[in-house]
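Here are some short exercises to work through with the structure open beside you. Try each task on your own before you read its solution.

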Amino acid sequence: MNKKTYKWLSIFIIGIGLILIIGLLTVHPVKKKKPAEVYRQPTYRAVYHFTTPDKWMNDPQRPLFFDGEYHFYYLYNRDYPNGNGTEWRQAISKDLVHWKDEGVAIPKYTTKNGDVWTGSFVVDSNNTAGFGKGAIVAILTQPSAGGGRQEQYLWYSTDKGKTFKSYRDQPVLLNPGVKDFRDPKVIWDSQSHKWVLLLAEGTKIGFYESQNLKDWHYTGGFFTQNIGIVECPDLFMMRANDGTLKWVLGASANGKSIGQPNTYAYWTGNYNGKAFTADQSEPQWLDHGFDWYAGVTFESGSREDALTQRYALGWMNNWDYPNNTPTMQDGFNGTDSIVRQISLKKQAGKTYGLISRPVETLDRLTGSTEHFKQIKVNGLKTLKAKGDAYELDADVSWTDAANVGLRLRESADKTRHIDAGVFVRGGYSYVNRAFTGQPDQSNKYLESRAPFDPSQKRVHIKVLVDKTSIEVFINDGRIVYTSEVFPHLNDQGISLFSDGGTSIFKNVVIRHFRPIDG
C-alpha cells in the first residue's frame with residue numbers, strides 16, 4: 001500500500017469512527033451530575049407536616065379509620081387566590097404521617113346550593129340511611145339557594161369515599177332563622193343507639209338526634225360565654241387515667257377578649273343523650289398558641305385503646321391573617337399541625353384535662369440524633385447542632401433563674417430567633433415569635449402564654465420545628481403552643497438561655513426528621 005492510499009484509508013477509518021461515536025452519544029447521551037441544590041431547591045413547604053398540594057386549604061374534616069387506612073378530607077379551593085368556594089379534597093394514610101392525595105371527592109358548585117363547607121362523615125355500617133351497608137354518609141353545610149342561609153345537606157358515597165352524590169337539593173336540617181348555623185359533627189351514640197349531630201349556632205352548640213341520618217330532631221343546647229362565635233363542635237367520651245369515664249365537648253372559639261386563646265376550647269362533663277352538662281363553666285384549651293384552629297379529634301384505628309387514647313389535628317392558620325404566608329412562592333397556602341395523641345388525666349382539684357403528645361409514628365422519620373447529657377447555662381449557650389425540621393426534648397431545672405428556655409431557628413448573628421420557655425418571675429410559660437418572620441402584620445399576636453407554677457423550678461420541654469411552624473409541648477403536653485413562624489430559610493441555629501441565674505439542661509435530644517416525601 002503506497003503512502004497516498006494509506007493516508008486516505010486512515011482518514012476514512014477516522015471518519016467512520018467519529019460517526020459511530022456521535023451516533024452512540026445521540027442514543028446514549030452522557031449524563032452529567034447536577035449539583036445537589038438542583039435536586040432540592042430551597043422551599044417553605046413543610047418537611048414533615050401535611051400540606052395541600054397546591055392552592056388553598058382550611059378546615060380539616062374529622063378523619064375516620066376503615067379498610068386499614070385513615071381517610072381524611074379537608075376544605076380546598078382550586079381557584080385560590082383569584083376565586084372563591086371550597087370543596088372536599090381527600091388524602092389517606094396508614095400511619096398519620098405519610099399521606100397520599102386522592103383528589104377532590106365532593107366538588108364545589110355542582111348543585112344549586114353552591115360550594116360545600118365544613119361538616120363530617122360517618123360509615124353507615126348498618127344501612128340506617130338506606131344507601132347500602134358501609135356507605136359513607138357526609139352531612140355538611142352549604143349556603144342554600146333559597147337566600148344563602150346556612151343549612152345542612154347530605155351527600156353519600158358507595159365507592160368507599162372516593163366520590164359522593166348529593167342526596168337531594170333540599171337540606172336535611174333546615175335553618176330556623178338564625179345567622180350562624182353550621183359545621184355539623186355527627187357521631188353514633190352507642191348508649192342510646194342513635195345518631196347525634198352537634199351544630200355551631202352562634203354562641204350555642206345545638207344537639208340533634210336521628211335514626212336514619214336524614215330526619216333530625218332538636219334535643220338541647222349548650223350555651224358558651226365570653227369566647228365569641230363557636231365553630232366546628234366536637235363530642236366524644238374518654239376514660240381518664242383513674243378509670244373515670246368522661247364526656248368531652250369541644251369547639252373552635254375566640255377567647256382573645258378575655259385573654260384566652262383563639263383555638264380549641266373544651267369542657268369535661270356528662271352527656272345524657274339529649275344535652276351536655278359541664279363540670280365547670282369556664283373552658284380549658286387544647287392549644288395556647290395562635291394557629292391551631294378548626295381542630296378535630298378522632299378515634300384510633302385500634303379498638304383496644306378507643307376510650308383511653310384519641311387523635312387530634314388542627315389547621316395551622318388564623319382568620320386574622322389567613323393569606324400572609326411565604327409558602328405562596330411554592331404555589332400553596334395550607335398546612336396542618338402534626339397529629340397528636342390525646343388522653344384524659346385527673347388534675348389537682350378533682351378536675352380533668354386533656355394531655356397531648358406527638359403521634360408516635362413521627363419517630364419513623366428520624367434521620368439522625370444528637371444527644372447532650374447535661375449543659376450548665378448562665379446567659380446564652382449556642383449548640384453546635386443546627387436544623388430546620390426536628391424534634392427537641394429537654395429537662396430543665398433552676399434555682400434562681402428569672403427566664404429560661406430555648407432559642408430556635410436562630411440567625412448566625414443572633415438577631416433573629418424564636419423563643420420558647422418559662423418566665424419564672426411572671427409565672428407563665430410562653431412562645432415568642434417577635435424576633436423572626438411571622439404572619440401578624442399588626443404585631444398584636446407575638447407572644448402566647450399560659451400559667452406556670454414557678455415553685456416547680458423545673459420543666460420538660462418538647463419542641464417540634466418545621467419550615468413555617470413551631471409546636472411546643474410543656475410538661476408532657478398539659479400545655480401546648482402551635483404557631484406559624486416564617487424564619488429565613490438559612491436561620492437554623494439552636495441556643496439555650498438562662499437569664500438571672502444558672503439553669504441545668506439535661507437529656508437534650510434532637511431528632512432531625514427526613515422529609516415525608518423523601
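Which kind of contact do the side chains of E231 and R182 meet in?

**Exercise 1. Characterise the contact between E231 and R182.**

Keep in mind throughout that this is a predicted model.

Step 1. Start with the distance: N to O, it is 3.1 Å. A salt bridge asks for a side-chain nitrogen of Lys or Arg within 4 Å of a carboxyl oxygen of Asp or Glu, so the side chains of E231 and R182 meet in a salt bridge.

Step 2. Now find the two partners along the chain. E231 belongs to strand β13 (residues 231–239) and R182 to strand β9 (residues 182–189). The two residues are 49 residues apart, and the pair links distant parts of the chain.

Step 3. Check the surroundings: E231 and R182 are both buried.

**Exercise 2. Find the salt bridge that K185 forms, and say whether its partners are buried or exposed.**

Step 1. The partner of K185 is D234, and their closest N and O atoms are 3.7 Å apart.

Step 2. K185 sits in strand β9 and D234 in strand β13, 49 residues apart, so this pair links distant parts of the chain.

Step 3. Both K185 and D234 are buried.

Step 4. For a wider view, look at E391, D393, K462 and R511: salt bridges that share partners join these residues into one network. A search of the whole structure finds 28 salt bridges.

**Exercise 3. Classify the accessibility of the two residues in the salt bridge between K100 and E102.**

Step 1. The closest N and O atoms of K100 and E102 are 3.8 Å apart.

Step 2. K100 has a relative accessible area of 53%. Exposed means over 50%, so K100 is exposed.

Step 3. E102 has a relative accessible area of 30%, so E102 counts as partly exposed.

**Exercise 4. In what order do the strands of the four-stranded open sheet stand, and which are at its edges?**

Step 1. The order is β18-β19-β21-β22, and the pairing is antiparallel.

Step 2. β18 (293–299) and β22 (352–358) each have a single partner strand, so one side of each is left without a neighbour in the sheet. That is why β18 and β22 stand at the edges.

Step 3. With direction ignored, neighbouring strands of this sheet are turned by 35 degrees against each other on average.

Step 4. Zoom in on one pair: strand β21 (residues 340–346) is joined to β22 by seven bridges. As an example to locate, Q341 has R357 in β22 as its bridge partner.

**Exercise 5. Describe the open sheet of five strands.**

Step 1. Its order is β4-β3-β2-β1-β20, with mixed pairing. Strands of a sheet pair through backbone hydrogen bonds, either parallel or antiparallel.

Step 2. The edge strands, β4 (100–106) and β20 (332–333), each pair on one side only.

Step 3. Strand β1 (residues 55–66) and β2 run antiparallel and are joined by seven bridges. Within this pairing, the bridge partner of L64 is H71 in β2.

**Exercise 6. How many cavities of 30 Å³ or more are there, and which classes of residue line the largest and the second largest?**

Step 1. The count comes to five cavities of 30 Å³ or more.

Step 2. The largest cavity holds about 90 Å³ of space. Among the residues lining it are Y48, F50, W99 and L313. By class, this lining has ten nonpolar, two polar and no charged residues.

Step 3. The second largest cavity has a volume of about 60 Å³, and its lining includes N317, T325, N333 and E484. Here the classes are one nonpolar, seven polar and one charged.

**Exercise 7. Where do P81, N475 and N507 lie, and what are their backbone angles?**

Step 1. The peptide bond from Y80 to P81 is cis, with omega near 5 degrees. P81 has its place in the loop between β2 (69–77) and β3 (87–93).

Step 2. N475 is a residue other than glycine with a positive phi, near 50 degrees. N475 lies in the loop between β30 (469–474) and β31 (479–484).

Step 3. N507 is not a glycine either, and its phi is positive at about 50 degrees. N507 is found in strand β32 (residues 493–513), and its relative accessibility of 38% makes it partly exposed.

Note on methods. Residues numbered from 1 in each chain as written. Predicted model: local features only at pLDDT ≥ 70, side-chain atom pairs only at ≥ 80, totals over all residues. Heavy atoms only, no water. Buried < 20%, exposed > 50% of the residue type's maximum accessible area, 1.4 Å probe, protein only. Pairing = 2+ DSSP bridges. Axes fitted to C-alpha atoms, helices over the stretch in contact; angles between N-to-C directions. 1 Å grid on protein atoms, 1.4 Å probe; cavity = no way out; pocket = protein on both sides within 12 Å on 5 of 7 lines; lining within 4 Å. Points joined across faces, edges and corners; volume = space filled by probe spheres on them. Nonpolar A, V, L, I, M, F, W, Y, C, P; charged D, E, K, R; others polar.
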